Amino acid sequence: MNTITKYSASSILIHWAMALIILSMLFLGLSMVQSLAVWQVEAIQLHKSFGVLALILVTIRLINKVLYKSPALPQSVPKAQALAAHLTQVGLYASMILMPISGWLMQSADERSVSFFGIFTLPNLVSKNIETYTFFREAHGLIAYAFLLFIFMHVSAALYHGLIKQDGVLGSMLPGKHK
Amino acid sequence: MSKKITLIAIITLFALTILYFTGAFNRDVVTAQRFVNLQQGDNAHEGFRRAHAKGICLAGSFESTGELAKYSQAKVFDLGATPFVGRFSIAGNNPTAPDLKAPVRSLAFSITTDDNQEWRVAMNTPPVMAVATPDAFFKQLQALSPDPVTKKRSPEKIKAFFAAHPESAAFNNWKASYTPTNSFATEQYHSINAFYLVDKNDEKHAVRWIAKPQLSDENIQPLNNDSPDALQLQLKDQVAQSSVKFDMLFSFATEEDDENNPTVLWPQSRKTINAGTLVISRLQAQEGGVCENMNFDPLVLPTGIEPSADPILRARGAAYAESFRRRAKEVLLNN
């Protein structure tokens, strides 16, 4: 039986770092496709750089997930809720992986470069093609909305466990000693 | 009980934050989407650009004089020739509009050097903008739009707009003195917005550029005034005779010039350098042509050229992207 009650320190660190980056990226992305403000140009560069960072982090996270066991949900969680939690988690991981890759592909298909803070530039994955571009551009947008929905469910459930149930589910992903 | 309220409050706040960023409370702001809605009008021409819908593809080479190389790291300015693809177009959202009715003509091109750096350029016949901000530009387009019912422009609305925007003086002066030429090949095209050339010491030089025609109306093929495609047909005859050339002249700002204000002309006395010659040697219909699926976003720049903080220039990227996104989706769905 899985008896651990807390995520590993590396899991906790990467979870919160990615939470910060992902929410910032989603909000920035939604803003910059609408805004005509002067910061738009720099915003796109940052969006691309942090997107590459997110892709690197999710790769590390997947390796980390294999190396360290995750705590199981408490027995008290009803089956339907456990299933919902599982599906949300699958959705979150799928979004984390598909978001940066669809962004990279859409940029490639319009022959735009994706640079990581000016340090290196990603190779172009596909040749220039308007249909490839639009497929990944639309996917990038749709996944963003799905991602926000998954995050909303995830955050709501975590707060519910932390504030109402107080069953240690939220605490398992918080830094510091377990109660 | 209070914990439940806390929970509901946090979740509600989070949901509102998400809605805020999706633009749900954005109704009164001029967004890229609202801009493109205005440009495309009530009946969008599916699969075409929302602005400058009618055009013709071109290709040729840029023969650099090398004279700009000391001001910019961009390889395109090193001595030598680089091939490019581009497009002549007319203003408006109608891909079948008569060529000679359009108020503005454009020359756009894209050059990729062998270090994989791309320079996208979009130039127009006016040398300046009428206004200096995207909001004012939106209002200008609104004032110039025909009434949805009568299909006619309202002279009062247009007059009121320009009266409320005295910064449009330079633009209106140009407009009053401008006579369209008889060819795409004999127009002068302007970058309008300013950019920075960045040299090897990372020093920035604010510049604007023009594409100055080597041909003039006296020595070109005749224009068929009766054809809706008059300019395109004339250009085809012209290119069949000889290649069409433009000098790329860069003028440098001084301390007196504000590179972030596109409504003011810079004096002719400013230092000007001839960067090279655009040699247009081939044409292609835009349907199926190389330029059809391009987005001439002037913010795609090589290392060595950077955008100024001009708000109009900065707004172009998002608006071009929205227009490109819409027609790209239509191309995918209709094929």
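In this predicted model, chain B exposes about 15,900 Å² of surface, and 53% of that comes from carbon and sulfur atoms. As for the inside of the chain, 51% of its 335 residues count as buried. Charges come out at 35 positive and 36 negative in chain B, and the mean positions of the two sets sit 7 Å apart.

The overall dimensions of chain B fit a simple rule of thumb. A compact globule of 335 residues would have a radius of gyration near 20 Å, and chain B, at 22 Å, agrees with that. Laid out along its principal axes, the C-alpha trace spans about 85 × 55 × 45 Å. The chain is built from 7 helices and 10 strands. Sequence-distant pairings feature heavily here: of the contacts in chain B between residues at least 6 apart in sequence, 73% join residues at least 24 apart.

One residue of chain B has a backbone angle worth a look. His52(B) is not a glycine, yet its phi is positive, at about 55 degrees. This histidine lies in the loop that runs from helix 2 (32–40) to strand 1 (54–64) of chain B. Although it belongs to a loop, His52(B) counts as buried, because its relative accessibility is 19% and the cut-off for buried is under 20%.

Turning to chain A, the UniProt record, an unreviewed entry, lists residues 7–176 as "domain: Cytochrome b561 bacterial/Ni-hydrogenase". Over that stretch the chain is 70% helix and 2% strand, and the C-alpha atoms at its two ends are 11 Å apart.

Within chain A, Met99(A) belongs to helix 3 (residues 79–109). Its side of the story is a buried one, with a relative accessible area of 12%. Setting aside neighbours within four places in sequence, Met99(A) is in contact with Leu26(A), His140(A), Ile143(A), Ala144(A) and Phe147(A). Leu55(A) lies 44 residues away from Met99(A) along the chain, and the C-alpha atoms of the two are separated by 8.6 Å.

Chain A also has a non-glycine residue with a positive phi: Phe117(A), at about 45 degrees. Phe117(A) is found in the loop between strand 1 (115–116) and strand 2 (120–121) of chain A. With a relative accessible area of 40%, this phenylalanine is partly exposed, whereas His52(B) counts as buried.

Technical notes. Residues numbered from 1 in each chain as written. Chains lettered and ligands numbered in written order. Predicted model: local features only at pLDDT ≥ 70, side-chain atom pairs only at ≥ 80, totals over all residues. Heavy atoms only, no water. UniProt positions renumbered as here; feature names shortened; annotations may be inferred. Helix = DSSP H or I, 4+ residues; strand = E, 2+ residues; numbered from the N terminus. Rg over C-alpha atoms; globule rule 2.2 N^0.38 Å. Buried < 20%, exposed > 50% of the residue type's maximum accessible area, 1.4 Å probe, protein only. Contact = heavy atoms within 4.5 Å. Areas by Shrake-Rupley, 256 points an atom, 1.4 Å probe, with all protein chains shown as cover. Lys, Arg positive; Asp, Glu negative; His and termini not counted. Charge placed at Lys NZ, Arg CZ, Asp CG, Glu CD.
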